[in-house]
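User: Please examine the model shown below and answer some questions about its confidence, packing and local geometry.

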Amino acid sequence: MHLILTGATGLVGSSVLDAMLKNAAVSKISILSRNPVRMAEDAKDPRVHVIAHKDFESYKPELLDQLKDADGCVWALGTSQTNVTKEEYVKITKDYTLAAANAFSTIKPSNHPFRFIHVSGEGATQTPGRFSPIFARVKGNTETLLGELSEQKPNFRVDSVRPAFVDPATHDSIKPYIPSSGVTGVVSRAGLALLAPGVRYLMKSMHSPTQHLGSFLTEMAMGRYEGRLQGPGVFKLGGGYVVENFGMRRILGL
């Protein structure tokens, strides 16, 4: 099975790449990235193809030709709203995602829909209130628009997954690749030190351990959870589903 991955140099993307590398059923991994992907380089796995891609609002025919036999995508590209301006956040979170989804909707696997797995975030909402933060509004709106696109294209399936407190504490294989400089790295380290113990033991429904998250996103893109996307923590949106963190944990038996 050929899968596409974006955001491979980030925390969630690193966990997904690790899961893809460990999954023998994944026959090819196409990574779209502006920068080199050190985990991919170190893996020296012939299944991995890093495609230099600078403009995430544009997908030229020659790029789509390299992806024409892909079965699905994990869209883990993103940033914190604290790292960029509001306009940049909207572009990265919504515009890039919708541009890719529209482009990939032209890829038609032979025996199943193309599966686009959108990494959203806990707190995203379709019904924002007066005090809802930017990320909740933008991510919720992006989920809605992706659901509508999926509804319009029967051979293109979009599901959104909402991780909460993403925790790599016991995921040794990705630790060398977690961003450690700049605002993102500082916030990650501080958050882990201060919040992690309480989340792990007192707020388990908000805990997203990266070993499980990466595998879940990978297997979602492979269609392994068809028929199980129902019940508490999961709801239908357009032509696909939204899986909240609690729903993911419930499905995984955590």
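Analyst: Buried means under 20% relative accessible area, exposed over 50%, and partly exposed in between, with a 1.4 Å probe and protein chains only. This is a predicted model, in which local features need pLDDT of at least 70 and side-chain atom pairs count only at pLDDT 80 or more, while totals for chains, interfaces and linings use all residues. Residues are numbered from 1 along each chain as its sequence is written, and side-chain values use heavy atoms, with hydrogens and water left out.

User: Is K44 buried or exposed?

Analyst: K44 is found in the loop between α2 and β3 (48-52); helices (H or I, at least four residues) and strands (E, at least two) are DSSP runs numbered from the N terminus. K44 has a positive phi of about 50 degrees although it is not a glycine. Most residues other than glycine have a negative phi. With a relative accessibility of 69%, K44 is exposed.

User: Over which residues is the pLDDT below 50?

Analyst: The pLDDT, the predictor's confidence in each residue from 0 to 100, has a mean of 91 over the chain, and 94% of the residues reach 70 or more. Where pLDDT is low, the predicted coordinates should not be read in detail. The stretch with pLDDT below 50 has five contacts beyond near neighbours in sequence (contact means heavy atoms within 4.5 Å), and it covers residues 181-187.

User: Which element supplies the largest share of the largest nonpolar core?

Analyst: A nonpolar core is a set of buried Ala, Val, Leu, Ile, Met, Phe, Trp, Tyr and Cys residues joined through side-chain atoms within 4.5 Å. The largest one has 37 residues, of which L5, L17, I31, V74 and L217 touch the most other members. Elements supplying at least two residues each include β1 (2-6), β2 (28-33), α7 and α8. The largest share is six residues, and it comes from α1.

User: How do α7 and α8 pack, roughly parallel or roughly perpendicular?

Analyst: Helix α7 (residues 210-221) and helix α8 (residues 245-252) have axes 11 Å apart at an angle of about 90 degrees; axes are lines fitted to C-alpha atoms, for helices over the stretch in contact, and angles run from 0 to 180 degrees between N-to-C directions. Angles under 35 degrees count as roughly parallel, over 145 as roughly antiparallel, 65 to 115 as roughly perpendicular and the rest as oblique. Therefore α7 and α8 are roughly perpendicular.

User: Which residues of α7 and α8 make the contact?

Analyst: From α8 come M248, I251 and L252, and from α7 come H212, L213 and F216.
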